[in-house]
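Open the structure in your viewer and keep the selection tool handy. We will go from stop to stop, picking residues and looking at what surrounds them.

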Amino acid sequence: MSFIQANQFCQWFTEVKGVEVRLPTEAQWEFAASSRGQTMFPWGDYFDPSMVNTAEKGPGKTTNVYSYPQGSSRQGVLDLGGNLEEWTSSIYLPYPGGKFIYDEISMENPNSYPILRGGCYKHHGDLTLATRRHGYRKGYTPTGFRLAKKIN
C-alpha cells in the first residue's frame, strides 16, 4: 500500500464513519512501540523472534494481527514490530542536531520522504527496534498502516 493510498483510506474512513482518523506521527508511533519510552522493542528490551513476524522465525508472509499477542506493547498495541512496515504521517528530517542521511532511499526521494516504522516479515529483527526509522524502497517492502483517532 502506498503512502497516498493510506492517507486516502484515512480520508474515506473519516467521511464514511464520521470518526476523524489519520496516520500516526512518527513520535506517536515510537511512543506506542517503546511502551512510552521504556523499552527497546514493543515487548521488552531484547529481541525475541517468537514475539514477532520477521525473517528469523516467521512464516515468510503476512499474518493476522492477533498471531503474535505476546509481542504487544505494554499498552496492548499489536504488531508494532514485524509483519508489515507502517506508514507514519511524518516526513523524514534529521533529529535535532543530527545530519541528513544520504542513502539509496534519499536518492530515490530527493525532496525527503514519509517515514516507515516497524519492520516486516521479510526483514530481520533490527528493524523492529522502537527507534528504528526508515523509508520506502520501490518494489521492496510490504507496507501497511494503522489509524490514529483524533480525540477532542
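Start by selecting Phe 9, which is partly exposed, with a relative accessible area of 31%. Keep in mind as you look around that this is a predicted model.

Now add Trp 12, a residue that is also partly exposed, at a relative accessible area of 43%. Both belong to helix H1 (residues 3-17), where being three residues apart separates Phe 9 and Trp 12 by about one helical turn. Next, add Phe 13. How are the rings of Phe 9 and Phe 13 arranged as an aromatic pair? They are tilted, with 6.1 Å centre to centre and 35° between the planes. These two also lie in helix H1, four residues apart, or about one turn of the helix.

To complete this stop, select Phe 145: together with Phe 9, Trp 12 and Phe 13, it forms one aromatic cluster. If you enjoy hunting for rings, the structure holds eight aromatic pairs. One of them is Phe 9 with Trp 12, tilted as well, at 5.4 Å centre to centre and 40° between the planes.

Move on to helix H2, residues 26-33. Colour Glu 26, Trp 29, Ala 32 and Ala 33, which are buried. Then look down the axis of H2: its buried residues fall within an arc of 130°, so they line one face of the helix. What covers them? Show strand S2 (85-91) and strand S3 (114-117), which are included in that cover. Just after H2, click on Ser 35, where phi is positive at about 50°.

Go back to Glu 26 and find its partner, Arg 133: their side chains make a polar contact of 2.7 Å. Where does Arg 133 sit? Look in the loop between S3 and strand S4 (143-144). Is Arg 133 buried or exposed? Arg 133 is buried, with a relative accessible area of 18%, and the cut-off for buried is under 20%. Leaving aside neighbours within four places in sequence, its contacts include Tyr 92, Pro 94 and Ile 115.

For the last stop, display the strands. You should find an open sheet of three strands in the order S3-S2-S4, with mixed pairing. S3 and S4 are the edge strands, each pairing on one side only. S2 and S4 run parallel and are joined by two bridges. Finish by selecting Glu 85, which stands opposite Thr 143 in S4.

Conventions: Residues numbered from 1 in each chain as written. Predicted model: local features only at pLDDT ≥ 70, side-chain atom pairs only at ≥ 80, totals over all residues. Heavy atoms only, no water. Buried < 20%, exposed > 50% of the residue type's maximum accessible area, 1.4 Å probe, protein only. Arc of directions from axis to C-beta. Contact = heavy atoms within 4.5 Å. Polar contact = N/O pair within 3.5 Å; in protein donor to acceptor, adjacent residues only side chain to side chain. Pairing = 2+ DSSP bridges. Phe/Tyr/Trp six-rings, centres within 6.5 Å; stacked < 30°, edge-to-face > 60°.
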